[in-house]
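User: Please take a close look at one part of this model, the cysteines and their setting. Then carry on to whatever else stands out in side-chain packing and strand order.

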Amino acid sequence: MIRIVIAEDQRMLLGALGSLLSLEDDMEVVGQARNGVEAIQLVDQFQPDVCIMDIEMPGKSGLEAAEELKAVGCKVIILTTFARSGYFQRALKAGVRGYLLKDSPSDELASSIRNVIAGRRIYAPELMDDVYSEENPLTEREMDVLELVADGKNTKEIASQLSITIGTVRNYISTIMDKLEVTNRIEAITQSKAKGWFK
């Protein structure tokens, strides 16, 4: 049985979600909270498998609550009307396992809960589009340098291949790290791959 706590400040929606999920054979709603503070208390009290949370709630937002619950081991699914990439980025940092929009079909919520329990992450496609359509701040030449770094080439080899000086390669790498706000080459490669910027 999947044990669930729901946090939602709109009472009617809170009740409706509780009723909806209680109809599922493998789910039990063990607590309903009207804000982030209550959600944390209920998670502490009932030790549920999943906490479904709205973002904008009085007292403590869903994102603040998710940040606190990160260490607890309860999987958090955000259910919100806000498809804002800033919220989504913060939710990802808080370790949120699911981020769904309230206008999604109701059967999607139950299947998302099961997927999250199975270890998968479920994010609304609209948000994924936002994340991946982020504009690449690197110039074509900077991408050439980064791709050679990713291929395992050292500074001397990159300089030789691109017919530029070693100092210029170092300048490019420094600029790349500044633009991507990372501290090393590995992070620069990882971030660029994750955002789909490599050719």
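Analyst: C51 counts as buried, because its relative accessibility is 0%. This is a predicted model. C51 takes part in no disulfide. The nearest cysteine sulfur belongs to C74 and is 5.3 Å away. A disulfide needs the two sulfur atoms within 2.5 Å. C74 is likewise in no disulfide, and its nearest cysteine sulfur is that of C51. C74 is buried too, with a relative accessible area of 8%. The structure as a whole holds zero disulfides.

Next, the aromatic rings. A pair of rings is described by the distance of the centres and the angle of the planes. A search of the whole structure gives two aromatic pairs. In one of them, the ring centres of F88 and Y99 are 5.3 Å apart. Their planes stand at 80°, so this pair is edge-to-face. F88 belongs to helix α4, residues 85–93. Y99 belongs to strand β5, residues 98–101. The two residues are 11 apart, and the pair links distant parts of the chain. Both F88 and Y99 are buried.

F88 also pairs with Y123. Here the centres are 5.2 Å apart and the planes are at 75°, so this pair is edge-to-face as well. Y123 sits in strand β6, residues 122–123, and F88 in helix α4, so the contact ties together parts 35 residues apart in sequence. Y123 is buried, as is F88. Ring pairs thus join F88, Y99 and Y123 into a cluster.

Now the strands. β1 covers residues 2–7 and β2 covers residues 27–33. They pair in the parallel sense, over six bridges. Within that pairing, I6 stands opposite Q32 of β2. Helix α1, residues 11–22, completes the motif: β1, α1 and β2 make a right-handed β-α-β unit.

The loop between β1 and α1 holds E8. Is E8 buried or exposed? E8 counts as buried, because its relative accessibility is 1%. What does the side chain of E8 make a polar contact with? One partner is the side chain of K102, at 2.9 Å. A polar atom of the E8 side chain also lies 3.0 Å from the backbone nitrogen of Q10. Leave aside neighbours within four places in sequence, and E8 is in contact with L13, L14, A33, R34, D54, M57 and K102. K102 therefore appears both in this contact list and as a side-chain polar partner of E8, whose burial follows because its accessibility is 1%.

Last, helix α7, residues 140–150. Its buried residues are E142, M143, V145, L146, E147, L148 and V149. An α-helix has 3.6 residues a turn, so residues three or four places apart point the same way. The cover over the buried residues of α7 includes α8 (155–162), α9 (166–180) and α10 (185–194). Just after α7, G152 takes a positive phi of about 90°.

Notes:
Residues are numbered from 1 along each chain as its sequence is written. This is a predicted model: local features need pLDDT of at least 70, side-chain atom pairs count only at pLDDT 80 or more; totals for chains, interfaces and linings use all residues. Side-chain values use heavy atoms; hydrogens and water are left out. Buried means under 20% relative accessible area, exposed over 50%, partly exposed in between (1.4 Å probe, protein chains only). Rings of Phe, Tyr and Trp (its six-membered ring) pair if their centres lie within 6.5 Å; planes under 30 degrees apart count as stacked, over 60 as edge-to-face and the rest as tilted. Helices (H or I, at least four residues) and strands (E, at least two) are DSSP runs, numbered from the N terminus. Two strands pair if DSSP finds at least two bridges between them. A crossover is right-handed if, with the strands pointing away from the viewer, the path from the first strand over the helix to the second runs clockwise. Contact means heavy atoms within 4.5 Å. A polar contact is a pair of N or O atoms within 3.5 Å; within protein, one must be able to donate a hydrogen and the other to accept it, and residues adjacent in sequence count only if both atoms are side-chain atoms.
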